[in-house]
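User: Please take a close look at the salt bridges in this model. I would like to know which residues pair up, where they sit and how exposed they are.

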Amino acid sequence: SYIGYQTVELKANGKGLDKIMMEEDNELLDEVVVVGYGVQKKRDVTTAIASIRASDLKGQPVTSMAEAMVGKMPGVQVSQSTGAPGSSLQIKVRGTGTITAGTSPLYVVDGVPLAKEQLNTFNMNDVESIEVLKDASSSAIYGSRGSNGVVLITTKKGKTGKVNVDVNAYMGIQSVPQKGRPEMMNGEEWAQFKKESYEDLGVAVPEVYQNPAQYGKGTDWYDAMLRNAVIQDYNVAIRGGSERFSTSLVLGYFNQDGIVLNSDYNRFSIRSNSEFNINKKVKLTFSVAPTYSFENRPSTDGAFFSGSGLLANAAITSPILKYQDENGNYPISVTTPGITSVDTPNW
């Protein structure tokens, strides 16, 4: 008998014992799965463990490991609170598990715990598989740290045989579609609105609003803050080995320009996994994964009154103000007497 195959029974009469053909068993629900310190039947934990293989991630232009998990793991919620380049996503395995300890699961890479903040530096081309342990029994080995679930990440290793060199690259353009953008007043509409508001109050209309037609389209501040941004990713992987030694080396460069002006994220990464089989009982493994990343992330999010929401502040700035002067330069401030009542920076 063997796991995954139907049991074969033969009479011990010396006939037919030299070559035994076993047939596969299609009912594999009794296969065992290693969980924590012991084993359980697969049918008992199949809904408590979700997994993704490298083949499922191939060719996907994802920027982070969390993006690769979106929609592929039942019971795992992946959400994004900001679209800033290089920003991290939130992963919840069991919803809100604790009040003070947060909701983030425990991340383990090749058996070593990884801080949540380090996920942004993780190159997806290094991933061999991702498994999520969702229930208490499957994550028991990790104790209280696994109370919010455990995300197990296995990186690619070298294989015995000839040396293989893989090159993976993609480039794309990011943009905010016109459909869904807020509809902004143009310069003439804004000036007409201000003129009518003064007339409704029964006070004299300031000179700047007496002739709304002179402003035309004016400045669409929301549109002026955005651009078509480039995203690109390049990776070179070298893998190979022999019976005694195998290695995997992955070099990666990732660049993402933000759709908001003056925002971007860059990452250089190297991961090397090497294994030395000293003898049948001793194996030495060496892994190193240095990463250098830098980001330029202005405070785009938030409400206008918080002082940091650049998009919200730009959206309520008068469209009759210009963000460029006659020479094409960008002034630091667009404060204009009679139009702005407070100091208004050039968002």
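Analyst: The salt bridges are taken one by one below, after a short look at the whole chain.

The model is a predicted one. Its protein chain has 6 helices and 15 strands. Of its 347 residues, 32% count as buried. The accessible surface of the chain is about 21400 Å², and carbon and sulfur atoms hold 52% of that. Among contacts in the chain with a separation of 6 or more, 58% join residues 24 or more positions apart.

Now to the salt bridges themselves. The count for the model is 6, and three of these pairs are described here, including the one between Glu131 and Arg53. In that pair, the closest N and O atoms are 3.3 Å apart, which falls inside the 4 Å limit for a salt bridge. Glu131 belongs to strand 8 (residues 127–133) and Arg53 to strand 3 (residues 49–53), so the salt bridge ties together parts that are 78 residues apart in sequence. Glu131 has a relative accessibility of 24% and counts as partly exposed. Arg53 is also partly exposed, at 39%. Both values fit that label because partly exposed covers the range between buried, under 20%, and exposed, over 50%.

The next pair is Asp110 and Lys157, whose side chains meet in a salt bridge with an N to O distance of 3.4 Å. Here the partners lie in loops: Asp110 is in the one between strand 6 (106–109) and strand 7 (112–114), and Lys157 is in the one between strand 9 (150–155) and strand 10 (161–174), so this pair ties together parts that are 47 residues apart in sequence. Asp110 is partly exposed, with a relative accessibility of 33%. Lys157 has a relative accessible area of 26% and is partly exposed as well.

A further salt bridge joins Asp223 to Arg181, with 2.8 Å between the closest N and O atoms. Asp223 is in helix 5 (residues 221–224), while Arg181 is in the loop between strand 10 and helix 4 (187–201). The two residues are 42 apart, and the pair links distant parts of the chain. Asp223 is partly exposed, at 36% relative accessibility.

To put the places side by side: Glu131 and Arg53 link strand 8 with strand 3, Asp110 and Lys157 link two loops, and Asp223 and Arg181 link a helix with a loop.

Definitions and conventions: Residues numbered from 1 in each chain as written. Predicted model: local features only at pLDDT ≥ 70, side-chain atom pairs only at ≥ 80, totals over all residues. Heavy atoms only, no water. Helix = DSSP H or I, 4+ residues; strand = E, 2+ residues; numbered from the N terminus. Buried < 20%, exposed > 50% of the residue type's maximum accessible area, 1.4 Å probe, protein only. Contact = heavy atoms within 4.5 Å. Areas by Shrake-Rupley, 256 points an atom, 1.4 Å probe, with all protein chains shown as cover.
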